[in-house]
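Please look through the sequence and the model shown here before reading on. The paragraphs that follow go from the overall layout to individual side chains and then to a metal site.

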Amino acid sequence: MIIHVKNLLKRYGDLVALDHLSLDIKEGEIFGLLGPNGSGKSTAINCILSLLRFDKGEIEIFGKKMTPDAYESKRNIGIVMQNVAVFNELTVYENIDYFCGLYVHDKSERKRLVEEAIDFVELGNFKKFHPKKLSGGLLRRLNIACGIAHRPKLIILDEPTVAVDPQSRNKILEGIARLNEQGATIVYTSHYMEEVEQLCSRIAILDKGRVIASGTQEELKAMITLGEKITIEAFSINEHELQQLRELSGVLSVQWVEKRLVIKSGKKAGSLEAVLDFLKTHEIGFGRIYSELPTLNDVFLEITGKQLRD
Amino acid sequence: MFMHIFFYRFKCLIRDKQLVFWTLLFPILLGTFFYMAFSNLNDEASFHPIHAAVVPSGNSHYDAPFVDVLRSVSKGKNRLFMMKTAASQAEADRWLKAGKIDGYFSSGETIQLTVNESGLNQSIMKSFVDQYRTSSAAAAQIAKDNPNALQNGLLQDLSDHRSYVKEVSGGGAEPNNVLNYFYTLIAMACLYGSFWGAKEVMDIQADQTERAARVNTAPIHKLKMFIAGSLAALIILFAEILILLAYLRFGLKIDFGPRTGLVVLTALLGSILGISFGAFISAVVKAGEGLKIACLIFVTMAGSFLSGMMYQNMKYIVSQYVPLLSWLNPVNLLTDAFYALYYYDNLYRFALNAGMMCLFIIVFCAGTYLIIRRRRYARL
Ligand SMILES: Nc1ncnc2c1ncn2[C@@H]1O[C@H](COP(=O)(O)OP(=O)(O)OP(=O)(O)O)[C@@H](O)[C@H]1O
Ligand SMILES: [Mg+2]
């Protein structure tokens, strides 16, 4: 186990930020910590890193208890903070070199590592730039390079793509996947379910400081009753017919909003056919049809009763 | 590792243009401004000799020593009087009425002074007469026994016009009263150096900046980093203070007395005081950078004001009525240390100031240590 967290309790005054949080992160995975704003993702990360004092619980990294003095463990951890954490007085190259130098003492090795990190985030043309002169996306990439230049075995990224344009975001996600292929274990926090779905091999969903569900995407989606979400353009339908639709086998709920029928069905196949048959026999005109598989948002919605993102 | 951190902290600090401005350029500009504003205050050339006359009594027993003294203060570059000898009191009166002279002395058993109006020159003449009267007996005796003595020391006392000017200006101030302004200026620059110390703490305390949080996750002891950074800050500040001293000494020709070694040592002590003060305030005042800077500026400017930077007599008023405050004001301690080095032969007063500064440094360092030694934070 790379990270083992058990019953972590953290309070800010009266506010319980982490409520008996437990996590186990295995070597080689990309672990996603998904939760809405204020759910305690950063708090969890900072406790794991021994930056925050906590009230109760145990934290082990690489099988050893994590403390501020656990240098052996710290040497193998790379972090990318939620906010950009670089020195404005230093250039791109110097920033990476400075942080890398806190881990790697050999000068020539460090030089190689810094160059590699710069290539990795594609900042080769900006080596001499000061952070103030970089665009938001480039700045994020610098922030990442500072955290990973020393080639850590465990990389923790706290919302590294906040306020980043889609193009840069994709670059960043690809980069993270590549780091994982090269052998690093990744912990990735986000409140964007699409990112987590795209990237992570295992996911824990956080709400109000608690893990409300965890597992692979398939496992998470299997936990809920929703199997498919069908949207049909229907031009007119009356309340009686809606009620009849709701009673079809496999149908969980039916809503008619803005000339669209939104039908949620269970895991068993065949609901779509039954619905279409019903519409034809009752001569209800319909247009386009969409069918969606459940997302993590649906998982979150079904467990907590609210949207992951509002 | 230590060198790596030291080197990069040095770069970080020295490239902070705003800090360099406030800690180096600003004191230099202010010093230049002081220099221009005060250049007349102590300027020997700005004192114009007083037109005066003497009416001999005819009795050489009285006349000879007095005329001797008058003559000696009426020659050379720094002469006190432009002296004429009147044939009679009537002639002197005529000169006085015509405005050719500001007044005249009548020699005799007691020296008389006749003036028309009151003013600075008349007051100086009055002081001169008073002083002559009190010392004339002794002067006459010495003049008889050892005429050379008159030339060597005694007369210089009498002829030093500055002592008369001072008496007239009514304060117990010391001869070179401009120096104190420049001494407070150096003290102010040292305390502005607290910005450097504050920056070091901000970049090491994870609950203050994200950079510091990242640095705290590295496999290195926080205090080691802090010491490397503070050393860089100290070297920069000390160099700045030395530049300022050199500018004042060689550029503006401000006199610091002959004890160069101790002056430099005081500058070093002041630099350490500045850094440790900034670190302490920065560690105590967790809230935003703005509030910290405001605190540092307030303490520095209030301290400078109370040490006489804007109004010189403030320093004396404070030390007279609230002596405790002058011992608790770091700017005053530094100012007074420079002052003591210049004015006092023995080093007692200097040592008191230096000792008090060391005490402050110990308190600031200990306080900073107690706050920053924590490596886990309650909140970030
Ligand atoms: N320094 C602090 N003092 C008091 N409360 C805090 C502090 N930091 C966070 N909190 C509270 O703790 C809870 C968890 O916050 P945290 O920053 O860990 O959430 P998060 O999941 O990282 O959110 P985001 O997606 O916005 O980054 C929130 O309710 C937040 O208001
Ligand atoms: Mg967060």
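Domain bounds come from an automatic or database domain assignment. In this predicted model, such an assignment divides chain B into domain 1, made of residues 2-41 + 176-374, and domain 2, made of residues 50-159. The C-alpha centres of domain 1 of chain B and domain 2 of chain B lie 51 Å apart.

Turning to the aromatic side chains, the structure holds 27 aromatic pairs over all chains. One of them joins B:Tyr342 and B:Tyr343, whose ring centres are 4.7 Å apart and whose planes stand at 90 degrees, which makes the pair edge-to-face. B:Tyr342 is partly exposed, with 23% relative accessibility, and B:Tyr343 is likewise partly exposed, at 22%.

Residues from chain A and chain B also come together in one aromatic cluster, formed by A:Phe87, A:Tyr98, A:Phe99, B:Phe7 and B:Tyr8. A:Phe99 has a further partner, since B:Arg214 lies over the face of its ring at 5.2 Å from the ring centre. Within chain B, B:Lys84 lies over the face of B:Trp95, at 4.7 Å from the ring centre.

Which residues coordinate the magnesium ion (ligand 2)? A:Ser42, through OG, and A:Gln82, through OE1, do so at 1.9 to 2.1 Å. Because A:Ser42 lies in helix H1 (residues 41-48) of chain A, while A:Gln82 lies in the loop between strand E6 (77-80) and helix H3 (92-101) of chain A, the pair ties together parts that are 40 residues apart in sequence. A:Gln82 counts as partly exposed, at 27% relative accessibility.

Note on methods
Residues are numbered from 1 along each chain as its sequence is written. Chains are lettered from A and ligands numbered from 1 in the order in which they are written. This is a predicted model: local features need pLDDT of at least 70, side-chain atom pairs count only at pLDDT 80 or more; totals for chains, interfaces and linings use all residues. Side-chain values use heavy atoms; hydrogens and water are left out. Rings of Phe, Tyr and Trp (its six-membered ring) pair if their centres lie within 6.5 Å; planes under 30 degrees apart count as stacked, over 60 as edge-to-face and the rest as tilted. Buried means under 20% relative accessible area, exposed over 50%, partly exposed in between (1.4 Å probe, protein chains only). A charge sits over a ring if NZ of Lys or CZ of Arg is within 6 Å of the ring centre and within 35 degrees of the ring normal. Donors are N, O and S atoms within 2.8 Å of the metal (3.2 Å for Na, K and Ca); water is not among the atoms, so sites may look incomplete. Helices (H or I, at least four residues) and strands (E, at least two) are DSSP runs, numbered from the N terminus.
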